[in-house]
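The exercises below concern aromatic rings and their surroundings, and each task is followed by a solution worked in steps.

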Amino acid sequence: MSVDVEDWFQVGAFENTIARSDWDGLALRVADNVARVLDLFDATGIKATFFTLGWIAEREPAMVRRIADAGHELASHGYDHARVFTLDPREFAEDVRKTRTIIEDASGQAVTGYRAPSFSIDARTPWAHEVLAEHGYAYSSSIAPVAHDHYGWREAPRFAFRPVAETPLIEIPVTTAVFRGRRMAAGGGGFFRVLPYGFTRWAIRQVNREEGRPAVFYFHPWEVDPEQPRATGAPLRSRLRHYTNLSVMADKLDRLAREFAWGRMDALAELQAQGRLEKAA
């Protein structure tokens, strides 16, 4: 179970609508929304991983500490949601270094995991995993192995793999399901919010029961906040993706949390490193 900790105005859908230079003038809602998520996890006995923007951790260190004190993992989501393919290797290295320092200082916890904003490690960034390995990250969960207009690397493996030879780094892609030979995004986010709950249940059961693998699920704190501000000037597609079914998200998450067993990403990465999650022949 994973949470991508960013606020409502930092999402990829609004990156051409709300300028980064305007962020400090917008109301932060992330701490209150994370508090709701923490209450849900406490009620359902879940320990999860919170992939957090460095920009957020700088401004909400008490929130970061509360996540850590509740027994959850803090991991990096980059500093300000810049997609990896917009950076060069030097800029990316500085981004992951800076963000790790901010989160570790706020949480008192070692940061060993990374998730690229908008799953933006793909065929355009073959060097990104090498940078993560050089900086000592244990795992990444930065690939969506599907074709999508917003992100995706269709040719990537669906399940955990080692992207850099002779290093311990493990890449754990977000979950996909297969229907009639076609990969389908099924690991959370907008798909979980918009599609009927039964689709996600079917996909997770396929991965768990038929393929013998764990599912990797993600969502954002702003998705449990139906009262959040509306971005003016955003394209219709972006607004539909962002605002549809916000009012039902909390109940769907509660149902998902109670129906399946969930844990932290670092624990999953450790099991993978030990070879205990390989599908039986």
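**Exercise 1.** Over the ring of which residue does the charged end of Lys98 sit?

Solution. In this predicted model, the charged end of Lys98 sits over the ring of Tyr79, at 3.9 Å from the ring centre. A further case involves Lys252, whose charged end sits over the ring of Phe192, 5.0 Å from its centre.

**Exercise 2.** Classify the pair of Phe192 and Phe217, and locate both residues in the chain.

Solution. A pair of aromatic rings is described by the distance of the centres and the angle of the planes. For Phe192 and Phe217 the centres are 5.0 Å apart and the planes stand at 90°; planes over 60 degrees apart count as edge-to-face, so the pair is edge-to-face. Next, Phe192 belongs to helix α6 (residues 189-194), whereas Phe217 lies in the loop between α7 (197-210) and β9, and therefore the pair ties together parts that are 25 residues apart in sequence. Finally, buried means under 20% relative accessible area; Phe192 has a relative accessible area of 1% and is therefore buried, and Phe217, at 1% relative accessibility, counts as buried.

**Exercise 3.** Describe the pair of Phe41 and Phe219, and place it among the aromatic pairs of the structure.

Solution. A search of the whole structure finds 19 aromatic pairs. One of them, formed by Phe41 and Phe219, is edge-to-face, with 6.3 Å from centre to centre and 80° between the planes. This pair links distant parts of the chain, with Phe41 in helix α1 (residues 30-44) and Phe219 in strand β9 (residues 218-219), 178 residues apart. Both Phe41 and Phe219 are buried. One aromatic cluster includes Phe41, Phe192, Phe217 and Phe219, and among its other members are Tyr197 and Trp262.

Terms used
Residues are numbered from 1 along each chain as its sequence is written. This is a predicted model: local features need pLDDT of at least 70, side-chain atom pairs count only at pLDDT 80 or more; totals for chains, interfaces and linings use all residues. Side-chain values use heavy atoms; hydrogens and water are left out. Rings of Phe, Tyr and Trp (its six-membered ring) pair if their centres lie within 6.5 Å; planes under 30 degrees apart count as stacked, over 60 as edge-to-face and the rest as tilted. Helices (H or I, at least four residues) and strands (E, at least two) are DSSP runs, numbered from the N terminus. Buried means under 20% relative accessible area, exposed over 50%, partly exposed in between (1.4 Å probe, protein chains only). A charge sits over a ring if NZ of Lys or CZ of Arg is within 6 Å of the ring centre and within 35 degrees of the ring normal.
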